[in-house]
Amino acid sequence: MRIMVTGANGLLGQKLVTLLQDIEDVELIATGKGLNRNPEGKYAYLSADLQNHEGVRTFISLTQPDIIIHCAAMTQVDECEEHQDNCWKINVTATANLVTIAQDEDIRFIYVSTDFVFDGLSGPYREEDLPSPISYYGETKAKAEDIVKQSGLDYAIIRTVLVYGVAHDPSRSNIVLWVKNSLEAGKEIEVVDDQWRTPTLAEDLAIGIWQVVKKEKTGIFHISGADTMNVFELAERVAEFFQLDKDLLRATDSYNLDQPGKRPLKTGFIINKAQRELGFKPKSLNEGLALVKEQLESR
């Protein structure tokens, strides 16, 4: 099967490239913005502007994928709130372009979404819970989900939560690396203690997505870590694992941070469906941190 991965330069995209290129009978096409950030491997890379409908149509016609895994997104919540036009183009327009072409070419569509489609009032969430976003980022992801759901395509929507891990040539950080790097630099950081999540190792998410593809599953799947904790507790556990100074952590709440984009207070996922139907077995947080440590040391 021929699989196209969008957003291949991001953390999840890189993990999918690493995983899929070594699977027998998979021909992989990686697409991203600008130059390829992945190590060389058994895949083709194309730079793509997903907002350019005709350009997307041309490269999809040339590569003829059987499946599109759409990871590309603008995910920085505050930037999405402050630059709404750009956020809409990246998260909604690009998705609509891909879906339209997938309809014409009869391509299976896998869309990666987020816990931020929920309001955080009644987490952790199941797949059947109704989206109710409270940020512009969440609104655009929920809108893109609707486009996929209404497309008539053979589709799956995979929602996830607070993804962390180590990327090759990363374009941005993530919660675990931010805490680790800040504490190693002796920097005091404020971390919220009123937001609850199920942190997700990027490798686990990539494996979960592959299982959806391999088992030809459709519909919505919640794929995340199994451990529920608030973000301050996560920071403490990162400090403990890497033997860093926890006294540099300052607990605060969402109100005091006063960020432009609202965050849902309690999300996290109930992953029974993924465990049952996909055989999904996420690593514990400590197991995930051990893999992060190993990858950082091998650089």
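Angles under 35 degrees between helix axes count as roughly parallel, over 145 as roughly antiparallel, 65 to 115 as roughly perpendicular, and the rest as oblique. The exercises below apply this and other terms to a predicted model.

**Exercise 1. Classify the packing of α8 and α11, and list the residues that make the contact.**

Solution.
- Step 1: Take the geometry. The angle between α8 and α11 is about 55°, and their axes lie 11 Å apart.
- Step 2: Apply the cut-offs. The pair is therefore oblique.
- Step 3: Give the handedness. α8 passes α11 in a right-handed crossing.
- Step 4: List the contact. α8 supplies Leu 234, Arg 237, Val 238 and Phe 241. α11 supplies Leu 285, Asn 286, Leu 289, Ala 290 and Lys 293.
- Step 5: Sort the contact by class. Six residues are nonpolar, one is polar and two are charged.

**Exercise 2. Do the same for α2 and α4.**

Solution.
- Step 1: α2 covers residues 53–63 and α4 covers residues 84–105. They pack at about 40°, with axes 10 Å apart.
- Step 2: α2 and α4 are therefore oblique to each other.
- Step 3: The crossing of α2 over α4 is right-handed.
- Step 4: On α2, the contact uses His 53, Val 56, Arg 57, Ile 60 and Ser 61. On α4, it uses Asn 97, Leu 98, Thr 100, Ile 101, Asp 104 and Glu 105.
- Step 5: The classes come to four nonpolar, four polar and three charged residues.

**Exercise 3. Decide why α6 is described as largely enclosed, and find what covers it.**

Solution.
- Step 1: Count the buried residues. Helix α6 spans residues 175–184, and seven of its ten residues are buried, so the rest of the structure largely encloses it.
- Step 2: Name them. They are Ile 175, Val 176, Leu 177, Val 179, Lys 180, Ser 182 and Leu 183.
- Step 3: Find the cover. It includes the strands β7 (163–164), β8 (189–192) and β13 (249–252). It also includes the helices α8 (231–241) and α11 (285–297).
- Step 4: Look past the helix end. α6 is followed by Gly 186, which has a positive phi, near 75°.

**Exercise 4. Place Leu 249 and describe its surroundings.**

Solution.
- Step 1: Leu 249 sits in strand β13.
- Step 2: Its relative accessibility is 5%. Buried means under 20%, so Leu 249 qualifies.
- Step 3: Beyond four places in sequence, Leu 249 contacts Val 179, Leu 183, Ile 189, Val 191, Phe 232, Ala 235, Glu 236 and Ala 239.
- Step 4: Check one of these partners. Glu 236 is 13 residues away along the chain, and its C-alpha atom is 7.6 Å from that of Leu 249.

**Exercise 5. Two loop residues, Asn 38 and Ile 134: is each buried, partly exposed or exposed?**

Solution.
- Step 1: Locate them. Asn 38 is in the loop between β2 (27–32) and β3 (44–47). Ile 134 is in the loop between β5 (108–114) and α5 (136–149).
- Step 2: Read the accessibility. Asn 38 has a relative accessible area of 8% and is buried. Ile 134, at 28%, is partly exposed.
- Step 3: List the contacts beyond four places in sequence. Asn 38 meets Ala 8, Asn 9, Gln 14, Val 17, Tyr 43 and His 168. Ile 134 touches Asp 119, Lys 262, Arg 263 and Pro 264.
- Step 4: Add the polar detail. The Asn 38 side chain reaches the backbone oxygen of Ala 8 at 3.0 Å.

Note on methods: Residues are numbered from 1 along each chain as its sequence is written. This is a predicted model: local features need pLDDT of at least 70, side-chain atom pairs count only at pLDDT 80 or more; totals for chains, interfaces and linings use all residues. Side-chain values use heavy atoms; hydrogens and water are left out. Buried means under 20% relative accessible area, exposed over 50%, partly exposed in between (1.4 Å probe, protein chains only). Helices (H or I, at least four residues) and strands (E, at least two) are DSSP runs, numbered from the N terminus. Contact means heavy atoms within 4.5 Å. Axes are lines fitted to C-alpha atoms, for helices over the stretch in contact, and angles run from 0 to 180 degrees between N-to-C directions. A crossing is left-handed if the near helix is turned anticlockwise from the far one by less than a right angle, and right-handed if clockwise. Ala, Val, Leu, Ile, Met, Phe, Trp, Tyr, Cys and Pro count as nonpolar, Asp, Glu, Lys and Arg as charged, and the others, Gly among them, as polar. A polar contact is a pair of N or O atoms within 3.5 Å; within protein, one must be able to donate a hydrogen and the other to accept it, and residues adjacent in sequence count only if both atoms are side-chain atoms.
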